[in-house]
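Subject: Structure handover

Hello,

Here is the structure I promised to pass on. Please open it first, then read my notes below.

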Amino acid sequence: APRPHWLFGDQLGPHFLDPRHGGPDAQAPVVMVEARSVLRRRRFHRAKAHLVLSAMRHRAAELGDRVTYVKAETYAEGLEQALGRAGRGRRMTVCHPTSRAALDFVRALGGDGNANGNGNASARGDVGVDVLPARGFLVSHDDFAGWAGRGGGRSLRLEGFYRWVRERHGLLMDGGEPAGGRWNLDHDNREPPPRGRDTLDVEGPWQPHEDAVDDEVRRDLDRWERAGDIAFVGRDGPRRFPATRREALSALRRFVTHRLPDFGRYEDAMLAADPVMSHSLLSAPLNLGLLDPAECVERAEHAYRAGDAPLNSVEGFVRQIAGWREYVWHLYWHFGEDYRHRNVLRHTAPLPEWFLELDADAVTANCLSTVLAQVRDTGWTHHIPRLMVLGSRALQDGWDPAAVTDWFHRCFVDGYDWVMLPNVVGMSQYADGGLMTTKPYTSGGAYLHRMSDLCGACAYRPTDRTGEHACPYTAGYWSFLHRHRTRLAANPRTARAVHGLDRLTDLPALLDEAASRANTPP
Ligand code: FAD
């Protein structure tokens, strides 16, 4: 008889049940566990809790009689119940989970932890689990280890990894050469937003219609909240992201057909009234496992080959998915468990209340208030607001990077442990001292002004370092450089900026004012 197969809530696409290439047994009965303790442990954005539960319950409805769907307090209890029904004492399979905690949990259940395991069932609920290879990524753990091990200990930068993935998977390649002759079209993809327009002139993203499953999820969330059982943050407006495979494919199709051509050009730009611009909004369905990255990049390449989308857009999109997403996934495992505690800049300030509560109205700085409202209302912003508005505020103000990571994890619809750790600890907070990036990502108000329409309506001025109109990003940038002067002077990529400090005659005043404002929302 086929071994039952356990599906986690981020393993929802058909590829997680494909028996080929070391997958679960053909026609394996499926077990899904909705564990309440997950929601109790962290105060998640309500739209995120809604999305994940809706997607799990939709998947269960599709699988029909094949699935045993258990609502329980913990995974362990849920499995006990499910296997009690599906047949006790049998071995089960699970695709490699996406977090260390979940991997440790399934390994502790018994079995020798690999695909061919014949270990004895453990005492805990008589469950023995065979962990199958990970799905939902282009590059396997073994292949990554091979790449990382090549050249022994050389730095693991994205660019080298990305080129290797392109060659190995034949993505956007003309023979042995990158399509168009260049690997990287980034410099075509950094345009400021078009002046005088408050939205991009592109078709809007795909939008779902809620159904009875969403209604039921919303009733459950209301009930748990009312009972004081579970607390959420943010607003659970109409669902914005795909919850089924069919919806995810519609979203992908709409993006590739109507929005991909403009993806590249304004990738880094921000418009207050158009938070999505030409971004794909595909991170949530990708991270739920509803889409496979291979099909996303293949469709994008097809649009390029058919002459329907320019290379800078297609290369930019392929770089995000086959480059960044894969890179982050593998770094999560490669860097090890203690990566989450890295804090080379020794930042220890707690997150302020207005930030924790997504209280956009308490904030005066227009960029931060606008972006915080986007997070509050949707659980999503694109990468530049995450990096250069939210992350940069945390970095400049010296907030504890582990607390910042937890905040992003809870508040973003696409946030999971694997994707948050490298993106926040490494990319955004530089808490790893440069394992992932060559310099900290932060800027003064001038960058935000150039790349957005957010400064015009602001009470602060991006050029002002001191005084009542001093921009918190401009003042914060110089305070940050000053605080870490020694380290940043020794880094060739930041040394020049540090020299700039010496020319600031108003630095003492700037530091005084910054200190006196430390406890008020910017
Ligand atoms: P697009 O701009 O359309 O990009 C296409 C796809 O590329 C995304 O859907 C995503 O799957 C992938 N991608 C691009 N960059 C990354 C990256 N750095 N890491 C992983 N995937 C990437 N992405 C998440 O999926 N989950 C997160 O929790 C998350 N947290 C982030 C936190 C910070 C501080 C920063 C700077 C970035 C974070 N990202 C995260 C990466 C990126 O911001 C989001 O993937 C992207 O904004 C999602 O919107 P989109 O689908 O419209 O992306």
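Which domains each give at least three residues to the shell around the ligand? They are domain 2 (141–206 + 244–335) and domain 3 (341–516). Bear in mind that this is a predicted model.

**The ligand shell**

There are 27 residues around the ligand. The ones that come nearest are H279, S280, S283, Q320 and H383. Four elements give two or more residues to this shell: α9 (283–287), α11 (311–335), α14 (383–396) and α16 (417–428). The largest share comes from α16, with six residues. By class, the shell has 13 nonpolar residues, 11 polar ones and three charged ones.

**The domains**

The domain assignment splits the chain into three parts. Domain 1 covers 5–132. Domain 2 is written in two segments, 141–206 and 244–335. Domain 3 runs over 341–516.

How far apart are the C-alpha centres of domain 2 and domain 3? The distance is 25 Å. Their contact takes 19 residues from domain 2 and 21 residues from domain 3. On the domain 2 side, α9 and α11 are the elements that give two or more residues. The largest share of that side is five residues, and it comes from α11. The domain 2 side divides into 14 nonpolar, three polar and two charged residues.

So keep an eye on α9 and α11 as you look around. Both give two or more residues to the ligand shell, and both do so for the side of domain 2 that touches domain 3.

**Helix α6 against α11**

Helix α11 also packs with helix α6 (residues 158–169). Their axes are 9 Å apart, at an angle of about 120 degrees. The two helices are therefore oblique to each other. Their crossing is right-handed.

Which residues meet here? From α6 come L158, F161, Y162, V165, R166 and H169. From α11 come R319, A322, G323, W324, E326 and Y327. By class, this contact holds seven nonpolar, two polar and three charged residues.

**Helix α2 against α7**

A second helix pair is worth a look. Helix α2 (residues 46–63) packs with helix α7 (residues 212–226). The angle is about 135 degrees, and the axes lie 9 Å apart. That angle makes α2 oblique to α7. Is the crossing of α2 and α7 left-handed or right-handed? It is right-handed.

On the α2 side, the contact uses R46, A49, H50, L53, S54, R57, H58 and A61. On the α7 side, it uses V213, D214, V217, R218 and L221. These residues divide into six nonpolar, three polar and four charged.

**Where to start**

I would begin at the ligand, with H279, S280, S283, Q320 and H383. Then follow α11 to its contact with α6.

Best wishes

Methods:
Residues numbered from 1 in each chain as written. Predicted model: local features only at pLDDT ≥ 70, side-chain atom pairs only at ≥ 80, totals over all residues. Near = placed C-beta within 6 Å. Nonpolar A, V, L, I, M, F, W, Y, C, P; charged D, E, K, R; others polar. Domains from an automatic or database assignment. Axes fitted to C-alpha atoms, helices over the stretch in contact; angles between N-to-C directions. Parallel < 35°, antiparallel > 145°, perpendicular 65-115°, else oblique. Left-handed = near helix turned anticlockwise from the far one by under 90°. Contact = placed C-beta atoms within 7 Å.
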